[in-house]
Amino acid sequence: MSIKVERNYLEINSLKDLKISKFSPEDCIINLSDPADFQINKFFYKSIGKEHRWTDRLVWTDKQWIAYISDQKVKTYILKKANDIAGYFELIFHQEKKETEIAYLGLLKEYQNKKLGSFLLTSAIKNSFLDTTKRVWVHTCSLDHEHALNNYISRGMRVFKTESVLI
């Protein structure tokens, strides 16, 4: 059985267009996962993705995960609340186009609906503009968290493409 999914592609073209989240929790920190650890990416992908039908990487072998996160253009950032991991985002830097894709961004279920998503996205956009990036983009869909699209727009991103697909 197929279901209709609405996909939205969003972009932001300058750090000055970022509308920083006013929420800044004292007990949270976001750090680059260094050295990269494929197990953490795999864990977040499966744990967060099961709620939103993230399926394309479920068939990946450990070797494929290692190759992906070992790529110099891929960076993973981990959100910790107190000492617990709470969420993550993956950035893919496309130097030739001077753009960054927010490939995945999400919170574990127990940390959702606590305003941490706006804090996490603010960090993702800021970290996307660290080098020579001139454009940051992301795609979201109707299967993602109900507040995902609004969060992207609230941070200053704008929709540049919308499509409907059957999955």
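1. In this predicted model, helix α3, formed by residues 116–128, lies across six strands: β1 (4–12), β2, β3, β4, β5 and β6 (135–141). Relative to β5, helix α3 runs at about 160°.

2. A further helix, α1 (residues 38–49), lies across β3, β4 and β5, the last of these spanning 99–107. Its direction is at about 105° to β4.

3. The strands named above belong to an open sheet of seven strands, ordered β2-β3-β4-β5-β6-β1-β7, with mixed pairing. The edges are held by β2 (28–32) and β7 (158–166); each has a single partner strand, so one side of each is left without a neighbour in the sheet. From one strand to the next, the twist averages 20°.

4. Strands of a sheet pair through backbone hydrogen bonds, in either a parallel or an antiparallel manner. Here, strand β3 (residues 74–81) pairs with strand β4 (residues 84–94) in the antiparallel sense, over eight bridges. Within this pairing, Y77 has F89 of β4 as its bridge partner.

5. Aromatic contacts deserve a separate point. The structure holds 10 aromatic pairs. One aromatic cluster is formed by Y45, W54, W60, W65, Y68 and Y104.

6. Y68, a member of that cluster, also has a charged neighbour: R57 lies over the face of its ring, at 4.2 Å from the ring centre. A second arrangement of this kind involves R135, which lies over the face of F160 at 4.8 Å from the ring centre.

Definitions and conventions. Residues are numbered from 1 along each chain as its sequence is written. This is a predicted model: local features need pLDDT of at least 70, side-chain atom pairs count only at pLDDT 80 or more; totals for chains, interfaces and linings use all residues. Side-chain values use heavy atoms; hydrogens and water are left out. Rings of Phe, Tyr and Trp (its six-membered ring) pair if their centres lie within 6.5 Å; planes under 30 degrees apart count as stacked, over 60 as edge-to-face and the rest as tilted. A charge sits over a ring if NZ of Lys or CZ of Arg is within 6 Å of the ring centre and within 35 degrees of the ring normal. Two strands pair if DSSP finds at least two bridges between them. Helices (H or I, at least four residues) and strands (E, at least two) are DSSP runs, numbered from the N terminus. Axes are lines fitted to C-alpha atoms, for helices over the stretch in contact, and angles run from 0 to 180 degrees between N-to-C directions. Contact means heavy atoms within 4.5 Å.
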